[in-house]
Amino acid sequence: MFEEQPQPEIEALMKADPEFKQLYQRHKLLDKKVTDAELGVLPIDDVTLNQMKREKLAAKDRLLRMYDAQH
């Protein structure tokens, strides 16, 4: 996420906004877990996987709104 944006901008935003940093880290963790579950590396039931996907999407939406508010 935010691969298109300059990394110094993202790092500065994480330093300036603890909520952004927490959401960013949570999104990264969920992204890894969802990927692992889809690859079969992380055994997880469909209900939990769908909940993680929804939470990941909600975090992404919030992160994008926070990023856009800074620009």
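Q: What phi does Gly-40 take just after α2?
A: Helices are DSSP runs of H or I, at least four residues, numbered from the N terminus. Just after α2, Gly-40 takes a positive phi of about 90°. This is a predicted model: local features need pLDDT of at least 70, side-chain atom pairs count only at pLDDT 80 or more, and totals for chains, interfaces and linings use all residues. Residues are numbered from 1 along each chain as its sequence is written, and side-chain values use heavy atoms, without hydrogens and water.

Q: How far apart are the end C-alpha atoms of helix α2?
A: The expected span of a helix is 1.5 Å times one less than its number of residues. Helix α2 has 22 residues (18–39), so 32 Å is expected. Its end C-alpha atoms are 32 Å apart, which agrees.

Q: Is Asp-36 buried or exposed?
A: Buried means under 20% relative accessible area, exposed over 50%, partly exposed in between (1.4 Å probe, protein chains only). Asp-36 sits in helix α2. Its relative accessible area is 18%, so Asp-36 is buried.

Q: Which residues does Asp-36 touch, not counting those up to four places away in sequence?
A: Contact means heavy atoms within 4.5 Å. With that sequence limit, Asp-36 touches Val-41 and Leu-42.

Q: Against what do the buried residues of α2 pack?
A: They pack against α1 (7–16) and α3 (46–69). Among the buried residues of α2 are Phe-20, Leu-23, Tyr-24 and His-27.

Terms used: Helices (H or I, at least four residues) and strands (E, at least two) are DSSP runs, numbered from the N terminus.
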